[in-house]
Amino acid sequence: MAAKVIDGKALAARLRERVKAHVTRLVEEHAVQPGLAVVLVGENPASEVYVRSKGKATKEAGMKSVEHKLDAATSEADLLALIDRLNRDATIHGILVQLPVPDHIDADKVLAAIDPAKDVDGFHISNVGLLGTGQKAMVPCTPLGCLMMLREELGSLSGMEAVVIGRSNIVGKPMAQLLLKDSCTVTIAHSRTRDLPGVVRRADIVVAAVGRPTMVTAQWIKPGATVIDVGINRIEKEDGGTRLVGDVDYEDVAKIAGAITPVPGGVGPMTIACLLANTVTACCRTHGLAEPEGLTA
Ligand code: NAD
């Protein structure tokens, strides 16, 4: 039987509606408008697309949206000074520095300069530590979106075998922490894993976050498993154009999986919706207001 398609676009649209409704309540009942500042350094075309769509989504949710586009030659000191200003700006509840930053800037230093309470990407070492110890943290948007899709699809994840392929700080590791927090038995596989197909075949839940087009095939998948494809890879088509594919061979895996996310239209839309959700969460925490249900892990 063909796998159920997990419609990330539809789920993200529902989450964005919930965020918007909560923003309206915050404005009307507490005179507080959540604000998100996105900082982009240099001219990376993919980053510019991401920043534009983040700004548009922020405004559509009724939030304040601020974009800082800095020249590629901006010094680290000037970027840190901007972050300091945003940290002290009471109208800004979330700060996101779009990665990658140019080579002359130390990304770790920049992430460490963001106030952890405004760290809507969840990359600050304090939030990494809070998440790792099962405490209230700002949770990275992409893994949070994956978790929401899994809960929606499977209900309780308790006791399930989960294999995360990829051990990056922005996807693989926080994804594994979230699955552990939901009581899965978690394996993190990576480029040095021996018998990767054999490891993945044990999983009830597979999260692929590698960056290798269509690497995961049907032979790797336990029948009925739920497969979340984080990968975004641009490949050439025969007509010379390009198209996006994930890390999972969708057509092949859909024949055996229980449920699967498409690329595009799966994890991507959930990532942006979770950024908006994180901004609302940060705003509520800053103002000591009740956090809405279902916006974080
Ligand atoms: P990364 O390059 O930082 O990490 C990739 C990981 O894959 C590494 O830990 C590496 O060990 C592992 N890996 C590499 N080759 C492997 C192999 N042959 N077998 C097993 N593991 C292997 O990448 P990332 O930032 O974690 O992103 C991964 C993918 O997810 C990329 O395609 C990226 O574009 C995509 N992504 C999507 C979203 C979204 O919103 N949908 C967000 C972030 C990243």
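**Exercise 1.** Leaving aside its neighbours within four places in sequence, with which residues is leucine 179 in contact?

*Solution.* Begin by noting that this is a predicted model. Once the neighbours within four places in sequence are set aside, the contacts of leucine 179 are Leu150, Leu157, Ala162, Val164, Cys184, Val186 and Val207.

**Exercise 2.** Describe the largest nonpolar core and state which elements and domains give residues to it.

*Solution.* First, take the core itself: it has 57 residues, and Val19, Leu179 and Val207 are those with the most contacts inside it. Next, list the elements that give two or more residues to this core, which are the helices α1 (8-30), α2 (45-60), α6 (141-154), α7 (172-181) and α10 (267-286), together with the strands β2 (35-41), β5 (161-165) and β7 (205-208). Of these, α10 gives the most, with 12 residues. Then turn to the domains: at least three residues of this core come from each of domain 1 (30-117) and domain 2 (141-268). Finally, a second, separate core of 20 residues includes Val163, Val200, Ala225 and Ala254.

**Exercise 3.** Work out where the second largest pocket lies, and describe its lining.

*Solution.* The second largest pocket has a volume of about 420 Å³, and 18 residues line it, with Phe123, His124, Ile125, Val128 and Asn169 lying nearest its centre. The lining divides into 11 nonpolar, five polar and two charged residues, and at least two lining residues are supplied by each of α4 (107-113), α5 (125-132) and α7. Because domain 1 (30-117) and domain 2 (141-268) both give residues to the lining, the second largest pocket lies between them.

Definitions and conventions
Residues numbered from 1 in each chain as written. Predicted model: local features only at pLDDT ≥ 70, side-chain atom pairs only at ≥ 80, totals over all residues. Heavy atoms only, no water. Core = buried A, V, L, I, M, F, W, Y, C linked by side-chain atoms within 4.5 Å. Buried < 20%, exposed > 50% of the residue type's maximum accessible area, 1.4 Å probe, protein only. Helix = DSSP H or I, 4+ residues; strand = E, 2+ residues; numbered from the N terminus. Domains from an automatic or database assignment. Contact = heavy atoms within 4.5 Å. 1 Å grid on protein atoms, 1.4 Å probe; cavity = no way out; pocket = protein on both sides within 12 Å on 5 of 7 lines; lining within 4 Å. Points joined across faces, edges and corners; volume = space filled by probe spheres on them. Nonpolar A, V, L, I, M, F, W, Y, C, P; charged D, E, K, R; others polar.
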